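Q: Please take a close look at the aromatic rings and the nonpolar core around them. I am a first-year student, so give each term its cut-offs.

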Amino acid sequence: PYRRQRQMCIRDSYGGAVAVLGVSVSSSNLTFVDNSSVKENQGARSAGGGAVFVANSGSFSTTYSAFIGNNAVYTGSGTSSARGGAIYAVEDSTVTLSDCFFRANATYSSTYNAHGGAVSSDEGDVIVTDSTFYDNQASTGAVHHARGGAIHALDSVNVDASSFYYNVANAGSGTCLLYTSPSPRDGATS
């Protein structure tokens, strides 16, 4: 059964609830509600993974899990970003999601980019099956980019039998943005 827990807020860190660093984590039936990753200064990485941060070739896999109201926020004055309101993956990491629900997750940057209201991956694979993305948002208070209201991926993404409703990016694609360096490979998809 669902039990609401106290809000987690990690300042100048990654993964408001869980950080997966170079290991494999497999899970099911988890609920992540109101977790945050907040970055107040410019540094090597962006604020990211309001609920889960995956790095160092780590792997995070979950089934029948819910991510609700998680956020990644950058409030500094430099060029760091906010990425992955619920999940942020970097450094050849893998995220596998099956039968998951993402609602009202958000990224916000006061001065620079905001990517992936629900999920963002800079390097590695994102695999999504039978999942729902509802009312997730990427937004910025600056003239820079807010991309992928639901999913933002710079490397590999595979989405199958999933639904996207009311996802918003205030300065880019609303549902999903896929990139390969240095220029966009695909635009918004739905």
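A: The answer goes from the ring pairs to the core.

This is a predicted model, in which local features need pLDDT of at least 70 and side-chain atom pairs count only at pLDDT 80 or more, while totals for chains, interfaces and linings use all residues. Residues are numbered from 1 along each chain as its sequence is written, and side-chain values use heavy atoms, with hydrogens and water left out.

Rings of Phe, Tyr and Trp (its six-membered ring) count as a pair if their centres lie within 6.5 Å; planes under 30 degrees apart are stacked, over 60 edge-to-face, and the rest tilted. By this rule there are 8 aromatic pairs. One of them, Phe-32 with Phe-67, is stacked, at 4.9 Å centre to centre and 10 degrees between the planes. Phe-32 sits in strand 4 (residues 31-33) and Phe-67 in strand 9 (residues 66-68), so numbered because strands (E, at least two residues) are DSSP runs counted from the N terminus. The two residues are 35 residues apart, and the pair links distant parts of the chain. Both Phe-32 and Phe-67 are buried, where buried means under 20% relative accessible area, exposed over 50%, and partly exposed in between (1.4 Å probe, protein chains only).

Tyr-134 and Tyr-166 have ring centres 5.7 Å apart and planes at 85 degrees, so this pair is edge-to-face. Tyr-134 belongs to strand 19 (residues 132-134), whereas Tyr-166 is in the loop between strand 24 (163-165) and strand 25 (168-169), 32 residues apart. Tyr-134 is partly exposed, because its relative accessible area is 26%. Tyr-166 counts as exposed, because its relative accessibility is 61%.

Ring pairs also join Phe-32, Phe-67, Phe-102, Phe-133 and Phe-164 into a cluster.

A nonpolar core is a set of buried Ala, Val, Leu, Ile, Met, Phe, Trp, Tyr and Cys residues joined through side-chain atoms within 4.5 Å. The largest one has 21 residues, and those touching the most other members are Val-52, Phe-67, Ile-87, Leu-97, Phe-102, Val-119 and Phe-133. Strand 7 (52-55), strand 12 (87-89), strand 13 and strand 18 (124-129) each give two or more residues to this core. Apart from the largest core lies another, of 5 residues, including Tyr-14, Phe-53, Ala-55 and Tyr-88.

Contact means heavy atoms within 4.5 Å. Leaving out residues up to four places away in sequence, Val-119 touches Gly-84, Ile-87, Leu-97, Phe-102, Val-126, Phe-133, Ala-150, Ile-151 and His-152.

How values were computed:
Helices (H or I, at least four residues) and strands (E, at least two) are DSSP runs, numbered from the N terminus.
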